[in-house]
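This briefing is meant to be read alongside the sequence and the 3D view. Please keep both open while going through the points on aromatic contacts and strand pairing.

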Amino acid sequence: QVQLVESGGGLVQPGGSLRLSCAASESHFSINVMGWYRQALGKERELVAIITSVGSRNYADSVKGRFTISRDNTKVSLQMNSLKPEDTAVYYCYAQNIRPYWGQGTQVTVSS
């Protein structure tokens, strides 16, 4: 059973930056799509950014120009700049081959 291990969440002031990282527990695992979703308190989980095995990227409109997703085989990172209070959420790493996999989630809080 492949696991996704996340790191990098925390508390940051508005306008600040954070970098989230995620790695699959097996480096030889074949993954088509990797990415990040988030879920704010009382809201549904939503797509933040995804990247395919050939490097195609897709971002939520709310994060375009501020967040950058990158990938190295079975590792994926999310650089988050110009953070806003509305970015506060639990961020989940996501991977897809024949089925979806999810990380345990990491809290990102943007507050002064």
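The notes below take up the aromatic rings and then the strands. The model is a predicted one, and the structure holds three aromatic pairs.

**Aromatic rings and the arginine beside them**

- Y37 and W102 form an edge-to-face pair, with 5.1 Å from centre to centre and 75° between the planes.
- Because Y37 belongs to strand β4 (residues 33-39) and W102 to strand β10 (residues 100-102), this pair ties together parts that are 65 residues apart in sequence.
- Ring pairs also bring in Y94, so that Y37, Y94 and W102 are linked into a cluster.
- W102 is partly exposed, because its relative accessible area of 37% falls between the 20% limit for buried and the 50% limit for exposed residues.
- The charged end of R45 sits over the ring of Y92, at 3.7 Å from the ring centre, and it also sits over the ring of W102, at 4.6 Å from that centre.

**Strand β3 and its partners**

- Side chains alternate along strand β3 (residues 18-24): L18, L20, C22 and A24 point to one face and are buried, whereas R19, S21 and A23 point to the other face and are not buried.
- Strand β1 (residues 4-7) pairs with β3 in the antiparallel sense over four bridges, and V5 has A23 in β3 as its bridge partner.
- Strand β8 (residues 75-80) likewise runs antiparallel to β3, to which six bridges join it, and Q79 in β8 stands opposite R19.

Methods: Residues are numbered from 1 along each chain as its sequence is written. This is a predicted model: local features need pLDDT of at least 70, side-chain atom pairs count only at pLDDT 80 or more; totals for chains, interfaces and linings use all residues. Side-chain values use heavy atoms; hydrogens and water are left out. Rings of Phe, Tyr and Trp (its six-membered ring) pair if their centres lie within 6.5 Å; planes under 30 degrees apart count as stacked, over 60 as edge-to-face and the rest as tilted. Helices (H or I, at least four residues) and strands (E, at least two) are DSSP runs, numbered from the N terminus. Buried means under 20% relative accessible area, exposed over 50%, partly exposed in between (1.4 Å probe, protein chains only). A charge sits over a ring if NZ of Lys or CZ of Arg is within 6 Å of the ring centre and within 35 degrees of the ring normal. Two strands pair if DSSP finds at least two bridges between them.
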